[in-house]
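Visitor: Could you pick one part of this model and take me through it slowly? I'd like to see how that part ties in with the rest.

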Amino acid sequence: MLLENTWLFPVIESIHVMGLAAFVGTIVLADLRTLGFQIPDTQQLKPWMHSGLAVMLVTGVAMFLSDTARYLHNPAFHVKVTLLVLALVAHFTLRRSETRFAAALSLALWTSVVLAARAIADFDV
Ligand code: HEM
């Protein structure tokens, strides 16, 4: 593994998790607002949302490239990437309708991405 026994991997993964807070955190607030929760308008948070996504894509690919063999054989990583593609497609299509169904689907998909990603470390074969 490229970054083994270095501080670089945990630093990159920590930045990945900070990206998660900005990207998925703002999505959750916006979706809960669409579902009727008393949450202030989140339109102004859009730049944070998409900067968070950019951070996650860059740090995610960096971690993946640090040990491609490990991740390509990790079933939780496969599930994560499949759900991630579905969640991103829904984010840039269906979710723009701002319906309660789209908000509920978005919350379910991103929760599943996070659960599958968290499981990666437990499914090394
Ligand atoms: C944009 C949405 C994304 C979300 C919500 C997400 C979420 C997460 C979460 C929650 C973790 C676990 C962090 C931890 O255990 O401390 C993680 C780790 C990871 N993510 Fe992502 N991620 C995203 C994008 C990506 C992308 C695009 C890739 C690369 C193709 C990627 C590759 C990884 C890798 C390799 C790990 C480390 C797993 C490990 O070794 O434990 N992620 N991600």
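Guide: Let's start with the whole chain: of its contacts with a separation of 6 or more, 73% are between residues 24 or more positions apart, a contact meaning heavy atoms within 4.5 Å. Before we zoom in, this is a predicted model, where local features need pLDDT of at least 70 and side-chain atom pairs count only at pLDDT 80 or more, while totals for chains, interfaces and linings use all residues. Residues are numbered from 1 along each chain as its sequence is written, and side-chain values use heavy atoms, with hydrogens and water left out.

The chain has five helices and zero strands, so the pattern along the sequence reads α-α-α-α-α, as helices (H or I, at least four residues) and strands (E, at least two) are DSSP runs numbered from the N terminus. Along its principal axes, the C-alpha trace spans about 45 × 25 × 20 Å. Of the 125 residues, 34% count as buried, which here is under 20% relative accessible area; exposed is over 50%, and partly exposed is in between (1.4 Å probe, protein chains only).

The part I'd pick is Lys80, which sits in helix α4 (residues 75-92). Lys80 is buried yet has no salt bridge. For that label you need a side-chain nitrogen of Lys or Arg within 4 Å of a carboxyl oxygen of Asp or Glu. The nearest side chain of opposite charge to Lys80 is Glu13, 7.6 Å away; in this scheme Lys and Arg are positive, Asp and Glu are negative, and His and the chain ends are not counted. Setting aside residues up to four places away in sequence, Lys80 touches His16, Val113, Ala116, Ala117 and Ile120.

Now for the ligand. Lys80 is among the residues that come nearest to it, together with His16, Arg70, Tyr71 and Arg118, out of 25 residues around the ligand; a residue counts as near if one of its heavy atoms lies within 4 Å. An N or O atom in the Lys80 side chain is 2.5 Å from a nitrogen atom of the ligand. For His16, an N or O atom of the side chain is 2.8 Å from a ligand nitrogen. Arg70 puts a polar side-chain atom 3.0 Å from a ligand oxygen. The polar contact rule is a pair of N or O atoms within 3.5 Å; within protein, one must be able to donate a hydrogen and the other to accept it, and residues adjacent in sequence count only if both atoms are side-chain atoms.

Follow Arg70 next. Arg70 makes a salt bridge with Asp124, and their closest N and O atoms are 2.8 Å apart. That pair links distant parts of the chain, with Asp124 in the segment after α5 and Arg70 in helix α3, 54 residues apart. Arg70 is partly exposed at 24% relative accessible area, and Asp124 is partly exposed at 40%. Asp124 is also in contact with Asn74, as are Ile120 and Phe123, leaving aside neighbours within four places in sequence. Asn74 lies in the loop between α3 (68-72) and α4, is buried at 0% relative accessibility, and its side chain reaches the backbone oxygen of Phe123 at 3.5 Å.

Two of the residues that touch Lys80, Val113 and Ala116, bring us to α5, where both are listed as buried. Others on that buried list include Leu107, Leu109 and Trp110. The buried residues of α5 pack against α1 (8-34) and α4. Helix α5 (residues 100-118) has 19 residues and reaches 27 Å from first C-alpha to last, close to the 27 Å expected at 1.5 Å a residue; that expected span is 1.5 Å times one less than the number of residues.

Last stop is the loop between α4 and α5. Arg95 forms a salt bridge with Asp31, closest N and O atoms 2.8 Å apart, and the pair joins that loop to helix α1 across 64 residues. Arg95 is buried at 13% relative accessibility, and Asp31 is buried at 1%. Glu98, in that loop too, has a positive phi of about 55 degrees although it is not a glycine, and is exposed at 53% relative accessible area.
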